[in-house]
Amino acid sequence: MINKKTVNKIKKTMLDKGLNQSSLADKLGVPRSVISNWFNGTRNPKIENIKKIADALQVPLNYFIESDDFDINNNIDRKMIIDMKTKIDLILEKITKLEKSNK
């Protein structure tokens, strides 16, 4: 689940790139309302969409996926979050390889 800090990073990067919600939605192939729902916390983007956001904004994925960018319950330790991030990075690497092989 992304939090306000991550949403703010996405918004700032959009602004830096001269994009608004509509133009980002066009790049991602989703309705603008989907972007709005992500930003206001009504819905959360799937990991594939976070990758698409990073690609559209031309930033590395880990710019958005850092352990301190997520709401962390006190019962979850930092090592577990870092392990989860490592697994996500491996999955995304596999997705990228599959995408390249399908082109």
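Me: What is Lys51 in contact with, leaving aside its neighbours within four places in sequence?
Reply: In this predicted model, Lys51 touches Leu61, Leu92, Ile95, Thr96 and Glu99 once neighbours within four places in sequence are left aside. Lys51 itself sits in helix α4.

Me: Why is Lys51 called buried?
Reply: The relative accessible area of Lys51 is 10%. Buried means under 20%, so Lys51 at 10% counts as buried.

Me: Which other residues of α4 are buried?
Reply: Helix α4 covers residues 47-57, and its buried residues are Asn49, Ile50, Ile53, Ala54, Ala56 and Leu57 along with Lys51.

Me: What makes Asp55 partly exposed?
Reply: Asp55 is also found in α4. Its relative accessible area is 48%. Buried requires a value under 20% and exposed one over 50%, so Asp55 at 48% falls in between and is partly exposed. In space, the C-alpha atom of Asp55 is separated by 9.5 Å from that of Lys27, although the two are 28 residues apart along the chain.

Me: Why does Gln58 count as exposed?
Reply: Gln58 has a relative accessibility of 65%. The cut-off for exposed is over 50%, so Gln58 meets it. Gln58 lies in the loop between α4 and α5, where α5 covers residues 78-101.

Me: What is the phi of Gln58, and what kind of residue takes that value?
Reply: Phi of Gln58 is near 55°, which is a positive value in a residue other than glycine. The position of Gln58 is just after α4.

Me: Why is Trp38 described as buried?
Reply: Trp38 has a relative accessible area of 6%. With buried set at under 20%, the value of 6% puts Trp38 in the buried class, so the label follows. The place of Trp38 is in helix α3.

Me: What does Trp38 touch, not counting residues up to four places away in sequence?
Reply: Trp38 touches Val7, Leu28, Arg43, Asn44, Pro45, Asn49 and Ile53. For one of these contacts there is also a C-alpha distance: Trp38 and Val7 are 8.0 Å apart in space and 31 residues apart in sequence.

Me: What makes α2 roughly perpendicular to α3?
Reply: The axes of α2 and α3 cross at roughly 115° and come within 8 Å. That makes α2 roughly perpendicular to α3, because the class runs from 65 to 115 degrees. In handedness, α2 passes α3 in a right-handed crossing.

Me: Which residues of α2 and α3 meet?
Reply: From α2 come Gln21, Ser22, Leu24, Ala25 and Leu28, and from α3 come Arg32, Ile35, Ser36, Trp38 and Phe39. By class, this contact of α2 with α3 has six nonpolar, three polar and one charged residues.

Me: Why are α2 and α4 called roughly perpendicular to each other?
Reply: α2 and α4 pack at an angle of about 110°, with their axes 10 Å apart. The range for roughly perpendicular is 65 to 115 degrees, so α2 and α4 are roughly perpendicular to each other. The crossing in which α2 passes α4 is right-handed.

Me: Which residues make the contact of α2 with α4?
Reply: Leu24, Lys27 and Leu28 of α2 meet Lys52, Ile53, Ala56 and Leu57 of α4. The residues of this contact divide into five nonpolar, no polar and two charged.

Me: Which residues of the largest nonpolar core touch the most other members?
Reply: Leu28, Ile35, Leu57 and Phe64 do, in a core of 20 residues. The elements that give two or more residues to this core are α1 (4-16), α2 (21-28), α3 (32-40) and α4. Among the elements, α4 gives the most, with five residues.

Me: How many helices and strands does the protein have, and how much of it counts as buried?
Reply: There are five helices and zero strands. From the N terminus on, the elements run α-α-α-α-α. Of the 103 residues, 32% count as buried. Among contacts with a separation of 6 or more, residues 24 or more positions apart account for 54%.

Conventions. Residues are numbered from 1 along each chain as its sequence is written. This is a predicted model: local features need pLDDT of at least 70, side-chain atom pairs count only at pLDDT 80 or more; totals for chains, interfaces and linings use all residues. Side-chain values use heavy atoms; hydrogens and water are left out. Buried means under 20% relative accessible area, exposed over 50%, partly exposed in between (1.4 Å probe, protein chains only). Helices (H or I, at least four residues) and strands (E, at least two) are DSSP runs, numbered from the N terminus. Contact means heavy atoms within 4.5 Å. A nonpolar core is a set of buried Ala, Val, Leu, Ile, Met, Phe, Trp, Tyr and Cys residues joined through side-chain atoms within 4.5 Å. Axes are lines fitted to C-alpha atoms, for helices over the stretch in contact, and angles run from 0 to 180 degrees between N-to-C directions. Angles under 35 degrees count as roughly parallel, over 145 as roughly antiparallel, 65 to 115 as roughly perpendicular and the rest as oblique. A crossing is left-handed if the near helix is turned anticlockwise from the far one by less than a right angle, and right-handed if clockwise. Ala, Val, Leu, Ile, Met, Phe, Trp, Tyr, Cys and Pro count as nonpolar, Asp, Glu, Lys and Arg as charged, and the others, Gly among them, as polar.
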